[in-house]
Amino acid sequence: MSELTAQNWEQRYQDQKTGWDLGRSAPPFEALVRQENAPKRGSMAVLGSGYGHDAILFAKNGFDVIGFDYAPSAIAKSNELAKGLNLQFIEKDIFELTTEFSGTFDYVLEHTCFCAIDPNLRAKYVEVVSTILKPKGELIALFWAHLRQGGPPFGSNVQDLKQLFEKHFEIISFEKATNSIPVRQNEEYLARMKKKSELI
Ligand SMILES: C[S@@+](CC[C@H](N)C(=O)[O-])C[C@H]1O[C@@H](n2cnc3c(N)ncnc32)[C@H](O)[C@@H]1O
């Protein structure tokens, strides 16, 4: 496994080895914001926001967005691309969001951040998402659930994903994306999950 540190991701950006970057927002998100049951406007955290295309899409659709990424070059380019728009990008490790941003967001957006972290941190990732959401907040995720060895991107399967998130979330929908880019076709799932209310 290559090292998964902020320095290492920053190096990838500096070397322009950004094979994950679509140069646009993910087509399944573009379709989602247009559909009848699109999520209603609200505050949104985008985790591992990269160059910020998805954050920009939701900001343009009226969401109050903060993109978080710990690679400074990704943040710099996002700010450039988002010039004149009303959204923020913050350089921060997503595993350090829980104190400052506890209970803050109506939505968390996930796109190729989950598959980029060490698989041993997945349960912690779910805790982070749940913690920074408001009660009944929603996770909107596009999971790249491929089954190949190694990573990043690290693989996953639908059953394990559901099992992992069900601890804190009620799954509203979990469907194979129909408009993925060619190299991710049949391997991407668009999921919407509501944070379970805490027991009193
Ligand atoms: C595969 S890229 C995906 C970027 C973007 N979501 C996209 O789809 O273009 C993964 C991103 O997550 C960021 N990242 C990985 N682990 C992180 C962490 N613990 N905290 C903050 N950002 C992280 C990396 O810097 C990188 O920008």
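**What covers helix 5**

What covers the buried residues of helix 5? The cover includes strand 1 (43–47), strand 4 (105–111), strand 5, helix 6 (158–165) and strand 7 (188–195). Helix 5 itself takes up residues 122–132, and its buried residues are Tyr 125, Val 126, Val 128, Val 129, Ser 130 and Ile 132. Before going further, keep in mind that this is a predicted model.

There's a handy bit of background for reading that list. An α-helix has 3.6 residues a turn, so residues three or four places apart point the same way.

**The nonpolar cores**

Let's turn to the inside. The largest nonpolar core has 48 residues, and those with the most contacts inside it are Met 44, Ala 45, Val 65, Val 108 and Phe 143. Which strand gives the most to this core? That's strand 5 (residues 133–144), with seven residues. Apart from this core lies another one, made up of seven residues, including Tyr 13, Tyr 51, Ala 71 and Ile 75.

Val 108 is a good place to look around. Setting aside neighbours within four places in sequence, Val 108 is in contact with Ala 45, Leu 47, Val 129, Ile 132, Leu 133 and Leu 139. Two of these partners, Val 129 and Ile 132, turn up among the buried residues of helix 5.

**A β-α-β unit**

Now for a piece of the fold you can trace by eye. Strand 2, helix 4 (residues 72–81) and strand 3 make a β-α-β unit, and it is right-handed. The two strands, at residues 64–69 and 88–91, pair in the parallel sense over four bridges. To find your bearings, look for Gly 67, which stands opposite Phe 89 in strand 3.

**Around the ligand**

How many residues surround the ligand? There are 20, and the closest are Trp 9, Gly 48, Gly 50, Tyr 70 and Ala 71. As for their character, the shell divides into 12 nonpolar residues, five polar and three charged. Ala 71 is also a name to remember from the core of seven residues.

**Ala 26, a buried loop residue**

Ala 26 lies in the loop between helix 1 (6–14) and helix 2 (27–34). Is Ala 26 buried or exposed? Ala 26 counts as buried because 23 other C-beta atoms lie within 10 Å. Leaving out neighbours within four places in sequence, Ala 26 is in contact with Asp 54, His 111 and Leu 142. Gln 159 is another matter: its C-alpha atom and that of Ala 26 are separated by 23 Å, with the two residues 133 apart along the chain.

**Unusual backbone spots**

The loop between strand 5 and helix 6 is worth a stop. Pro 152 lies in this loop, and so does Pro 153. The peptide bond from Gly 151 to Pro 152 is cis, with omega near 5°. A cis peptide bond also joins Pro 152 and Pro 153, where omega is about 5°.

Two residues other than glycine have a positive phi: Thr 112, at about 50°, and Lys 136, near 65°. Thr 112 sits in the loop between strand 4 and helix 5, while Lys 136 has its place in strand 5. Their surroundings compare like this: Thr 112 is buried, since it has 20 other C-beta atoms within 10 Å, whereas Lys 136 counts as exposed, with 11 C-beta neighbours inside 10 Å.

Methods. Residues numbered from 1 in each chain as written. Predicted model: local features only at pLDDT ≥ 70, side-chain atom pairs only at ≥ 80, totals over all residues. Near = placed C-beta within 6 Å. Nonpolar A, V, L, I, M, F, W, Y, C, P; charged D, E, K, R; others polar. Pairing = 2+ DSSP bridges. Right-handed = clockwise from strand over helix to strand, strands pointing away. Core = buried A, V, L, I, M, F, W, Y, C linked by C-beta atoms within 7 Å. Buried ≥ 20, exposed ≤ 12 C-beta atoms within 10 Å, placed from the backbone. Contact = placed C-beta atoms within 7 Å.
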